[in-house]
Amino acid sequence: MPSRTGSHSPTGIGKSLPERGLLLLMVLVLLEGSVIPLGAASSPDTSHQKNVDSHKAEGEKNHTKKAFPVLDLDYHHIQTPFEISLWVLLASVMKLGFHMIPRLPGIVPESCLLITVGLLVGGLIKLAGEKVPPVLDSQLFFLCLLPPIILDAGYFLPIRPFMENLGTILMFAVVGTLWNAFFIGGLLYAVCQIQPANPNELHQLEILPCLLFGSIISAVDPVAVLAVFEEIHINELLHILVFGESLLNDAVTVVLYHLFEEYSAAGTVTVLDGFLGIISFLVVSLGGILVGAIYGILAAFTSRFTSHTRVIEPLFVFVYSYMAYLSAEMFHLSGIMALIACGAVMRPYVEANISHKSHTTIKYFLKMWSSVSETLIFIFLGVATVDGPHHWNWTFVTVTVILCLVSRVIGVVGLTCVINKFRIVKLTTKDQFIVAYGGMRGAIAFSLGFLLKKEEFPMREMFLTAIITVIFFTVFVQGMTIKPLVELLAVKKKQEAKRSINEEIHTQFLDHLLTGIEDICGHYGHHHWKDKLNRFNKKYVKKCLIAGERSKEPQLIAFYHKMEMKQAIDLVESGGGVNLPSAVPSTVSMQNIQPKKPPPAKLVEKALPKMTKGREEEIRQILRSNLQKTRQRLRSYNRHTLVADPYEDGFSELLIKKQKMIALEKKIKDMNYYLTVPAAPPDSPTMCRARLASDPQSYSSKPAMDRVPTIQVDLASPQSPDSVNLMDEFRRVDQQEEDQGLTMKAPSGQSGPNRPGEADRGREQQKLTRCLSDPGPSADEEEEEEPFLP
Amino acid sequence: MGSRASTLLREEEIEEIKKETGFSHSQITRLYSRFTSLDKGENGTLSREDFQRIPELAINPLGDRIINAFFPEGEDQVNFRGFMRTLAHFRPIEDNEKSKNAAVSEPLNSRTNKLLFAFRLYDLDRDDKISRDELLQVLRMMVGVNISDEQLGSIADRTIQEADTNGDNSISFNEFIKASFVVRGNCMT
């Protein structure tokens, strides 16, 4: 084994990073390949050893005492989880490694590389003489590997384009798959029967197994489509067409598979069976969707009450979805459709209820799981290829591959002719080509084939070989060439522009407009029903499923908030928060997105004339009191509490208020000119403390706020109006008696002796970052009710 | 009702409307029967009240503006020709038409005219600009009463900021076209 490393590694001293990465990759692959057979080999030894030892021990109990084992190797104990972790680690490292190799990711899609790695690992295991673990076990695949990918797809499914093209998608999924299955199955049977002269094993193939094979291989696979289409960034319409088709054809596949499997033993299928099949299709698909929707609503309803236990919010999403999948599978309904329905139904309500952090958690967990799953699936495909009993039959395999291509093309072209009569935005030839070319087969077909029992289907190995060949063909050939073809044909790519508020307004505007026109025409079309659904949703459903005030929030406002939040986070992450104080107020304000525009005039007008000397003293007093509470508090560590989410605590209010604050701050800064003392540079801590000592008011007692006693530093200096911490106005001021005119809320804390300016900057930045990622003390955040200015 | 429709709508009229708007014969007859069913006064024209009697239009936030769009400047009644002319904006663009009408003046349902129709719904004072106030009014209609003026103001400001390229703090028709470029409306191809 080690010698192989030598053959792979590049010689020479000056290895560049990609080469090092490649080397690392190889080492890991070899490690993987060697550990697993070692593990398999050692476990029986260890257990055997244990038995021997125990016997010996019993026998010799009375005589000698075995030495106490200081270090013991017990692989068997942890074998299964260890191997699983090793596979997952391999998958993840592969993903890392591919992007370190210079030009490869551009040419070869990831799925191809992963299958190759799987082949390598499988080959290594086989060479080591060990039995390849049956990794693509159908149980493992359907229950563990597939659901994360589908849930990720369903939760983030773009609902609007999906619904708009639903008719087209359904046509492709249902009629297209049926056509494929019967065409391939029928023609395969016909081909198998010709060759009358020599007795051929193919003659044994009945029509029903052929049709079963056709139905297995005809379904477009969502995993493969996702893997390939993700990298070509095609326009939204085509993406949703092919992807939607791959998701919705699951119902057809399930029904056909079960139908033919059941009846291939009997040998015939009657008309009644066909009729039952149709009914079964309706039950499977609608039942799956219903199950998914029920779980989705349950999840949404549960999320309404999670405001006090934010940590487990993502768990509800995952568990409910997985249970929807399992429940659907239990009844032999379409699990994929259940999962999609569950994700799509629960998403708008759950997102309105859960905290921002939970939302991020859900998003990243889903992406992580689906990514690892996808990688594992492709690697396992490679391993299973090396392992599986193969039976190569030239005729069968080549005919299958050709028929797959031909039937797909004919199917797409034929269906498009019909569909285009009903579509407003017609599908062009280019679109049709991409849809036909993007019909990839993947691991689902393989697993379904794997499920077949050998006794009932003697041709099982031949089927599997053919399936694997088709999969390899579609993934390698079609996957590699689709990108250059897309470029060549100049197919419209995905527009990278983010959704703007203009778009949102305009879309809603158009919806209302078109609904109105439809009503005038008396035509109950697409828009009419969508409008009715929206109204129903707003009036009844949202009230039940969304907690608190957000149930009344119009869609536009929610969208706007999301955008503002994103912008705020971007601002802070890009370091814009560092320059917060008086210098450039406009950059600070997250709400103030038009630097050209002057801040709201009315506040300014009020502020300006009233700033007399006495007023200034008032300001100073209030500032002093505000700045005394420390900001950082040491809380006792409790891993179950999440710091509060700013969003529920009126972050939106915060943003609006902050704009006003910043405006006022600017004005106060201008006020500098009215005060006689010039602004002093930030002092050292010693100066700070010196000032402290002279100011008797600095140590006013704070009412008990259940906090750890902290150092209170008075930072109010006569010359720094920019020590105003304007952001905390929503906190209640405790010394109510001091509030005259300008009311400001005290901040909830501050750090130790800091320089005033820096403290502000630091505080503001801390506040900002905290607000957005870790809002800090929140126990007493309350709604601000008094206006900033009377 | 069918017989009444056919006696009141002559073949020549149907042909004229067909040429002007591009609707097919069957579509015109169907819309004519709808027109007559809306026309409670049976005088061959529709008034604003006739439109407001449609229940769904009453709850549509843009209902009033849509109704206004049917009535030409200053008039209170619209006849069938005017009705069809407005509705013609919403006909899907057909491929064969694009080449045919290249030389002729732009058909009513061209993309530009569709967007112009939508633009005019925003721009009430017809100064070819959507000012901040006009935008605010539309937003207020779409959003309802729960949202404060300041929030709406921020949204309006942001919208204008995104779309405004020449800095006049309002959205002109060209900016409107560009901003709505990415929107795929079903009828507004």
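These notebook entries record what I looked up in a predicted model of two protein chains, A and B.

**Entry 1. Chain B as a whole**

I began with chain B and counted its elements: twelve helices and four strands. I then looked up burial, and 46% of the 189 residues of chain B count as buried. For contacts in chain B between residues at least 6 apart in sequence, I found that 54% join residues at least 24 apart.

I also consulted the UniProt record. Its entry, which is unreviewed, lists "domain: EF-hand" for residues 26–61, 110–145 and 151–186 of chain B. I checked two of these stretches against the model. Residues 26–61 of chain B are 64% helix and 6% strand, with the end C-alpha atoms 31 Å apart. For residues 110–145 of chain B I noted 67% helix and 6% strand, with 36 Å between the end C-alpha atoms.

**Entry 2. Where chain A meets chain B**

I next asked how many residues each chain brings to the contact. Chain A contributes 47 residues and chain B contributes 53 residues. The size of an interface is often expressed as the accessible area that is lost when the parts come together. For chain A and chain B I recorded about 4700 Å² buried between them, of which 66% lies on carbon and sulfur atoms. On the side of chain A, the residues A:Ile424, A:Phe509 and A:Ile520 supply 15% of the area that chain A buries against chain B, more than any other three residues.

I then asked which elements of chain A give two or more residues to the side that touches chain B. They are α20 (501–521), α21 (526–545), α22 (555–573) and α26 (651–671) of chain A. Helix α20(A) gives the most, with 18 residues. I sorted this side of chain A by class and obtained 20 nonpolar, 18 polar and nine charged residues.

I searched the interface of chain A and chain B for salt bridges and found zero. The search for polar contact across the interface gave three residue pairs, with both residues at pLDDT 80 or more.

**Entry 3. Salt bridges within the chains**

Side chains of opposite charge can pair when their charged atoms come close. I therefore searched the whole structure, and 16 salt bridges were found over all chains.

In chain A I examined A:Asp511 and A:Lys530, whose closest N and O atoms are 3.8 Å apart in a salt bridge. This pair links distant parts of the chain, since A:Asp511 belongs to helix α20 and A:Lys530 to helix α21 of chain A, 19 residues apart. Is A:Asp511 buried or exposed? Its relative accessible area is 16%, so A:Asp511 is buried. A:Lys530 counts as partly exposed because its relative accessibility is 23%.

In chain B I noted a salt bridge between B:Asp76 and B:Arg48, with 2.9 Å between the closest N and O atoms. Here too distant parts of the chain are linked: B:Asp76 is in the loop between α6 (63–70) and β2 (78–79), and B:Arg48 is in helix α4 (residues 48–52), 28 residues apart. B:Arg48 counts as partly exposed, at 25% relative accessibility.

A further pair in chain B is B:Arg140 with B:Asp149, at 2.7 Å from N to O. B:Arg140 is partly exposed at 26% relative accessibility, whereas B:Asp149 is exposed at 60%. Returning to chain A, I found that salt bridges with shared partners join A:Arg160, A:Glu164, A:Asp511 and A:Lys530 into one network.

**Entry 4. Helix α10 of chain A**

I looked up how much of helix α10 (residues 222–232) of chain A is covered, and nine of its eleven residues are buried. Among them are A:Pro222, A:Val225, A:Phe229 and A:Ile232.

At the N-terminal end of α10(A) I found A:Asp221 as a cap, with a side-chain oxygen 3.0 Å from the backbone nitrogen of A:Val223. After α10(A) comes A:His233, which has a positive phi, near 50 degrees.

**Entry 5. One residue, A:Val252**

I closed with A:Val252, which is placed in helix α11 (residues 236–266) of chain A. The residue has 3% relative accessibility and therefore counts as buried. Leaving aside residues up to four places away in sequence, I listed what A:Val252 touches: A:Ala173, A:Val174, A:Thr177, A:Leu178 and A:Phe281. I also noted 8.1 Å between the C-alpha atoms of A:Val252 and A:Ser285, which are 33 residues apart along the chain.

Conventions: Residues are numbered from 1 along each chain as its sequence is written. Chains are lettered from A and ligands numbered from 1 in the order in which they are written. This is a predicted model: local features need pLDDT of at least 70, side-chain atom pairs count only at pLDDT 80 or more; totals for chains, interfaces and linings use all residues. Side-chain values use heavy atoms; hydrogens and water are left out. Contact means heavy atoms within 4.5 Å. Buried area is the accessible area (1.4 Å probe) that two parts lose on being put together, summed over both. A salt bridge is a side-chain nitrogen of Lys or Arg within 4 Å of a carboxyl oxygen of Asp or Glu. A polar contact is a pair of N or O atoms within 3.5 Å; within protein, one must be able to donate a hydrogen and the other to accept it, and residues adjacent in sequence count only if both atoms are side-chain atoms. Ala, Val, Leu, Ile, Met, Phe, Trp, Tyr, Cys and Pro count as nonpolar, Asp, Glu, Lys and Arg as charged, and the others, Gly among them, as polar. Buried means under 20% relative accessible area, exposed over 50%, partly exposed in between (1.4 Å probe, protein chains only). UniProt positions are given in the numbering used here, feature names are shortened, and annotations may be inferred rather than shown by experiment.
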